Amino acid sequence: MLEETSEELDSVRMKEIAAKGSAHFHRLGWKRLAVVTIVEAIALGALSLPKAFHVLGMFPGVFLTVTLGLVSIFTSYLIGQVKLRYPDVSHYADAGRLLLGRVGYEIFGAALLLELVMVVGSHALTGSIALITLNDGKVCSIVFSAISAIILLVLAIPPSFTEVAILGYIDFASIIAAIGITVIATGIQASGSAGGLSSVDWSAWPKEDVTFIEAFVAVSNIIFAFSFAIGQFSFMDEMHTPTDYMKSIWASGGIQILVYTLTGALCYAFIGADVQSPALLSASPTISKVAFGVALPVIFISGSINTTVALRYLHGRVYKNSLNRYVNTAKGWTTWIIFVVVFTIVAWVIAEAIPIFSDLLSLASALFVSGFSFWIPAIMWFTLLCKGNYFSRENIFFTLGSILAFIIGIVTLGAGTYATIQDIIDITSQGNAHSPFTCRSA
């Protein structure tokens, strides 16, 4: 009798822990989700666009930014519909299982981790560049790179997106302020130069000597800017009202299109052919320091969100049928922190191995964002969502939109990967990039 009573108490206690854990991970509303999706992508995406506009020209740059932004909103709608139809899908790996069974689960899970570790590596690289700029290069860049990785590690410790969303408000204010400072300062600088704004060397069309490789690296950078779809399954899994997800997608997508278009166009119009990547380096040394100082929160907070997305999948996989998945037990917390440390170290190694900002973003974009944000949601429409004839009146819009998204994704996957790898080879072979794991200047 006593043994039965003890077992009953243990069962009740376990149910209470599970209930509290589940409630903790289902507190996300659409407004906080909008903040999370904005800050997940907008930091590095915005910083790479002015250079992309220079390569592509003002008109193609603006056109591609707006068009790709609208297509990404469309594909995010499809992803959300999959989540609503299949509530047990907690991350992109689960979506892979729906499409290809166990093989799809493993492939999508591996791709998810690889994409996010590269993104976190990009944030470590950006953080290093920022700290070098603030320090005038007086300290070896590897030291600052390691400091960036440690900050990313600490900020990734909270396992719930609800807590991260609170930091997201600081994050969003940070990047808007940093971009604003850069745009205003470069605008004043251009106005005060000989000839004023009319003397700035910018073009509405691609520069005459642009190569296919340069052009597609620039296009891939724009595509990377709309990478928020990769975490959407994970984000929606924490929502208390998942049906509200499109409110966050419209808010997030609309703000991103506006910020990206204005940032790319204005910085390029004020700086011209001398625009750099990341864009904050394009202002005067003093202004660059101020802008990077203001941008530090967004560099690190946004990076930590990507770590959380990756490890929520990995931790949940390890403890799929255990209370430890809620990260509210000693074992759960210990494993979570170990995962954060290992993941961040791998991201730091990637950042040091590919220390070219635009190419690191482009490679991540071509290999993974092309799928997670474009061609995979298109396939989901045809295989998981569409009912009836693809070209019936109620389906024609989604079918044509999915065909467009599929084409964008597949072309980016093939041409973008080739262009980026070739660009990395060209830059390193010509001696225009520093060697991995060595000191560098900003």
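Which residues have the most contacts inside the largest nonpolar core? In this predicted model, they are Y92, F226, F233, I299, F372 and M380, and the core they belong to has 108 residues. Helix α4, spanning residues 92–135, supplies the largest share of that core, with 18 residues.

Stepping back to the whole chain, the fold is built from 13 helices and 0 strands. Read from the N terminus, the elements simply go α-α-α-α-α-α-α-α-α-α-α-α-α. Of the 442 residues, 55% count as buried. Contacts reach a long way along the sequence: taking pairs at least 6 residues apart, 85% join residues at least 24 apart. As for the outside, the accessible surface adds up to about 17,900 Å², and carbon and sulfur atoms account for 68% of that.

Back in the core, F226 is a good place to look at the packing. Leaving out residues up to four places away in sequence, F226 touches T65, L68, G69 and S72, along with Q256, I257, Y260, V369 and S373. One of these partners, T65, sits in helix α3. T65 counts as buried because its relative accessible area is 0%, under the 20% cut-off. Apart from neighbours within four places in sequence, T65 is in contact with F53, I222, F226, I257, Y260 and T261. I257 and Y260 thus turn up in the contact list of T65 and also in that of F226.

T65 also takes part in a helix pairing. Helix α3 (residues 58–85) and helix α7 (residues 212–224) have axes that come within 10 Å and cross at roughly 35°, and the crossing is right-handed. On the α3 side the contact is made by G61, L64, T65 and L68, while α7 brings V219, I222 and I223. Sorted by class, that makes 5 nonpolar residues, 2 polar ones and no charged ones.

I223 of α7 leads on to helix α13 (residues 396–429), where T412 is found. With neighbours within four places in sequence set aside, T412 is in contact with I223, as well as F216, S220, S365, A366, S370 and T417. T412 has a relative accessible area of 3%, so this residue is classed as buried.

Where does the chain come together around F382? This residue lies in helix α12, which covers residues 357–385. Beyond its neighbours within four places in sequence, F382 is in contact with Y390, T399, S402 and I403. The C-alpha atoms of F382 and S402 are 8.2 Å apart, with the two positions 20 residues apart in sequence numbering. Burial is a different matter here: F382 counts as partly exposed because its relative accessibility is 25%, whereas T412 is buried at 3%.

V183 offers one more view, this time from helix α6 (residues 161–191). At a relative accessible area of 11%, V183 counts as buried. Outside the residues up to four places away in sequence, V183 touches L266, C267 and F270. The C-alpha atom of V183 is also separated by 9.7 Å from that of G264, a residue 81 places away along the chain.

Notes
Residues are numbered from 1 along each chain as its sequence is written. This is a predicted model: local features need pLDDT of at least 70, side-chain atom pairs count only at pLDDT 80 or more; totals for chains, interfaces and linings use all residues. Side-chain values use heavy atoms; hydrogens and water are left out. Helices (H or I, at least four residues) and strands (E, at least two) are DSSP runs, numbered from the N terminus. Buried means under 20% relative accessible area, exposed over 50%, partly exposed in between (1.4 Å probe, protein chains only). Contact means heavy atoms within 4.5 Å. Axes are lines fitted to C-alpha atoms, for helices over the stretch in contact, and angles run from 0 to 180 degrees between N-to-C directions. A crossing is left-handed if the near helix is turned anticlockwise from the far one by less than a right angle, and right-handed if clockwise. Ala, Val, Leu, Ile, Met, Phe, Trp, Tyr, Cys and Pro count as nonpolar, Asp, Glu, Lys and Arg as charged, and the others, Gly among them, as polar. A nonpolar core is a set of buried Ala, Val, Leu, Ile, Met, Phe, Trp, Tyr and Cys residues joined through side-chain atoms within 4.5 Å. Accessible areas come from the Shrake-Rupley method with a 1.4 Å probe; for residues, only the protein chains shown count as cover.
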